[in-house]
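Please open the model in the viewer and set the display to show the whole chain. The tour begins with the overall form and then moves from one selection to the next.

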Amino acid sequence: MVAPRVMGIVNVTPDSFSDGGRLDDVEAAVAHGLRLVEQGADLLDIGGESTRPGADPVDAAVETARVVPVLEGLRARWPGPISIDTMKPAVARAAVAAGATMWNDVAALGFAPDGLATAADLGCDVVLMHMRGEPRTMQAAPHYDDVVAEVTDWLLARADAAMAAGVVRERIWLDPGLGFGKTAQHNLALTAHLERLVSTGFPVLYGASRKRTIQSVDATATDPADRLGGSLALALEAARRGAAIVRVHDVRETVQALALQAAVASAV
């Protein structure tokens, strides 16, 4: 088993579900990102618009103003890979110009008409995530006949669209989008069968850190900060099933858990 890389989350939004408002100062956000690197993060993911259920959209200019100074601050002090978490092509362009090397798009390049063309032009790695609906309404009674098959087929169609637009296949990542238009049972099924997505040949990014699915199993975990144990369990399961990146808030603990998992595997 090859251990996944760990992506550390840096949210520069006032309303993210877990840490909104904590990093609304540029220096605080940069310092947090550098701490995550010290804790073992292989790459960082910078976001300037909350995509939690019920979140309101943010203007591209506002989002750009939030993320670009943080990207520039991190790039000046760290040479590693940095992802921009945005649906908007204009924000992605500004972020790549400021040093981002990956575009992590919860809308799979479908938010704007020029999304596919922009990704091809930028030439960076692109994460295509599955989301049914949009953040404000996505959790309104989502339904699937076969969530694993439907998510996999939809993501493959988006990958085909990206390649047809000129995105290089080796630059494409897939993300099943846990919590984005899915119930807790959908999220658990996608995790239990993650190897189906891995078997497509595209590298898979998995993000379940602090999400409400954990509360569906442990009803006492109403505060996202109380979901560390569940976050680690899901990250380890994703690693076991072939995820190439796990996107997490708690980097040090995740790195340690993955190291122990690898040590046990090598001792067998």
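Accessible areas in this tour come from the Shrake-Rupley method with a 1.4 Å probe, and for residues only the protein chains shown count as cover. On that basis the protein exposes about 11200 Å², of which carbon and sulfur atoms supply 55%. The structure is a predicted model, in which local features need pLDDT of at least 70 and side-chain atom pairs count only at pLDDT 80 or more, while totals for chains, interfaces and linings use all residues. Residues are numbered from 1 along each chain as its sequence is written, and side-chain values use heavy atoms, with hydrogens and water left out.

**Whole chain**

Colour the model by secondary structure. The protein has 10 helices and 8 strands; these are DSSP runs numbered from the N terminus, with at least four residues for a helix (H or I) and at least two for a strand (E). Its radius of gyration is 17 Å, close to the 18 Å given by the globule rule for 268 residues, so the protein is as compact as a globular protein of that length. The radius is taken over C-alpha atoms, and the rule is 2.2 Å times the number of residues to the power 0.38. Along the principal axes, the C-alpha atoms fill a box of roughly 45 × 40 × 35 Å.

Next, colour by accessibility. Buried residues account for 51% of the 268 residues, where buried means under 20% relative accessible area, exposed means over 50%, and partly exposed lies in between (1.4 Å probe, protein chains only). Of the contacts between residues at least 6 apart in sequence, 68% join residues at least 24 apart; a contact means heavy atoms within 4.5 Å.

Then select the charged side chains. There are 24 positive and 33 negative ones, and the centres of the two sets lie 2 Å apart. Lys and Arg count as positive and Asp and Glu as negative, with His and the chain ends not counted; each charge is placed at NZ of Lys, CZ of Arg, CG of Asp or CD of Glu.

**Trp154 and the loop at Ala108**

Select Trp154, in helix H5 (residues 147-165). Which residues is Trp154 in contact with, leaving aside its neighbours within four places in sequence? They are Ala108, Met129 and His130. Met129 is 25 residues from Trp154 in sequence, and the C-alpha to C-alpha distance is 9.7 Å. Trp154 itself is partly exposed, at 32% relative accessible area.

Follow the contact to Ala108, in the loop between strand E4 (102-105) and helix H4 (115-122). Ala108 is buried, with a relative accessible area of 0%, and its phi is near 55°, a positive value in a residue other than glycine. Add Leu109, which is placed in the loop between E4 and H4. Leu109 has phi near 65°, again positive in a residue other than glycine, and counts as buried at 3% relative accessibility.

**Arg247 and Asp250**

Move to Arg247, in strand E8. Is Arg247 buried or exposed? At 16% relative accessibility, Arg247 counts as buried. Its side chain makes a polar contact with the side chain of Asp45 (2.7 Å), a polar contact being a pair of N or O atoms within 3.5 Å; within protein, one must be able to donate a hydrogen and the other to accept it, and residues adjacent in sequence count only if both atoms are side-chain atoms. Not counting residues up to four places away in sequence, Arg247 touches a list of residues including Met7, Ile9, Asn11, Asp85, Asn104 and Tyr206.

Now select Asp250, in the loop between strand E8 (245-248) and helix H10 (251-267). Asp250 is buried at 14% relative accessible area. The side chains of Asp250 and Arg210 make a polar contact (2.8 Å). Outside the residues up to four places away in sequence, Asp250 touches Arg210 and Leu228.

**Distances to draw**

Continue into helix H10 and select Ala265, which counts as partly exposed at 44% relative accessibility. Draw a line to Met1: the two residues are 264 apart along the chain, and their C-alpha atoms are separated by 7.8 Å.

Return to helix H5 for Ala164, exposed at 71% relative accessibility. The C-alpha atoms of Ala164 and Thr213, 49 residues apart along the chain, are separated by 35 Å.
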